[in-house]
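Visitor: I should like a close look at a single part of this model, namely the second largest pocket. What is its volume, and which residues lie nearest its centre?

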Amino acid sequence: MFRFDYSIEFLQWALTPPGYYKEWLFGVRGGKKNKLFGFISGIPVDNVVRGRKIKMAEINFLCVHKSLRTKRLATVLIKEVTRRVNLHNIWQAIYTAGVLIPVPISKTTYWHRSLNPKKLVEVGFSSLPANTPMARYVKLLKLPSETSIKGLREMKKSDVKVVHQLLNAYLSKFDVHLHFSEGEVEHFILPREGVVDTWVVENPETKEIKDFLSFYHLPSSILKHEVHKTLRVAYCYYNVANTVCMEELLRNALIIAKNRDFDVYNALDILDNDGL
């Protein structure tokens, strides 16, 4: 019913961070028209495991043409990206999958907060609760039109240094986490039109920044629907709450996403999202 609709800008953002290797982004082509039959990607990351920083590869976007799913092409791609990563003296990698994988170090579940419940029901993404009219359901999920946190504004390039410090300090409390360079924060967290939104909380009096929220944009194509063709989805990214509570920070993220015409806000139950 739904299919990820990655934009070119999104893929460039995800696959070309500072220090990326072109040879880690590759595919298999063939046939008379030189069609792309499979693709895999890797980017270098600093991953901290129980206090020890390890240079790793983050593997993503593995895909194989549907006519070749039984030909073990995915295995070939994984072996080849492993070889290319090893050439840079990197021997560990991290990846995620939408299926159960052998001995995962972590597993998580997606949770969805409806922003446009009427559209979500119409396209079959969600369903009306029993004995609940649509009008009542819409009213139940209605959000304020204005944000509630004083000093909340969009992140600017001049905020990169402080956001870099806030993010690494926050992530350091987890046993396994990425460690970001300042350049990586500028690349991944600084707002990009149609790709990622980041808002900081600036104290109106001291001008200090101690909190921020972010979400990225990943729409999905809606298959076989006469009216709606695209589902606008915001994905919870990195959030740091020091002077406000995480619940209020995320509530404001929902308001911003709703005001920007997103249909649903997705979040994983990891970091401090669990229990909200």
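Guide: The following account takes up that pocket, then the cavity search and one residue of the chain. The structure is a predicted model. In it, the second largest pocket has a volume of about 480 Å³. Its lining consists of 15 residues, and those nearest the centre are Arg113, Leu250, Leu254, Ala267 and Leu276. Three elements each supply at least two residues of this lining: strand E6 (110–114), helix H7 (246–259) and strand E14 (264–268). Of the contributors, H7 gives the most, with 4 residues. Sorted by class, the lining of the second largest pocket comprises 7 nonpolar, 5 charged and 3 polar residues.

The cavity search may be set beside this pocket. Over the whole structure, 1 cavity of 30 Å³ or more is found, and the largest cavity has a volume of about 30 Å³. Lining the largest cavity are Tyr170, Tyr237, Asn239, Met246, Leu271, Asp272 and Asn273. By class, that lining divides into 4 nonpolar, 2 polar and 1 charged residues.

One further residue concerns the chain beyond E14. Ile270 is placed in the segment after E14. Ile270 counts as partly exposed because its relative accessible area is 34%, a value between the 20% limit for buried and the 50% limit for exposed. Between Ile270 and Ser106 there is a separation of 164 residues in sequence, while their C-alpha atoms are 9.4 Å apart in space.

Notes: Residues numbered from 1 in each chain as written. Predicted model: local features only at pLDDT ≥ 70, side-chain atom pairs only at ≥ 80, totals over all residues. Heavy atoms only, no water. 1 Å grid on protein atoms, 1.4 Å probe; cavity = no way out; pocket = protein on both sides within 12 Å on 5 of 7 lines; lining within 4 Å. Points joined across faces, edges and corners; volume = space filled by probe spheres on them. Nonpolar A, V, L, I, M, F, W, Y, C, P; charged D, E, K, R; others polar. Buried < 20%, exposed > 50% of the residue type's maximum accessible area, 1.4 Å probe, protein only.
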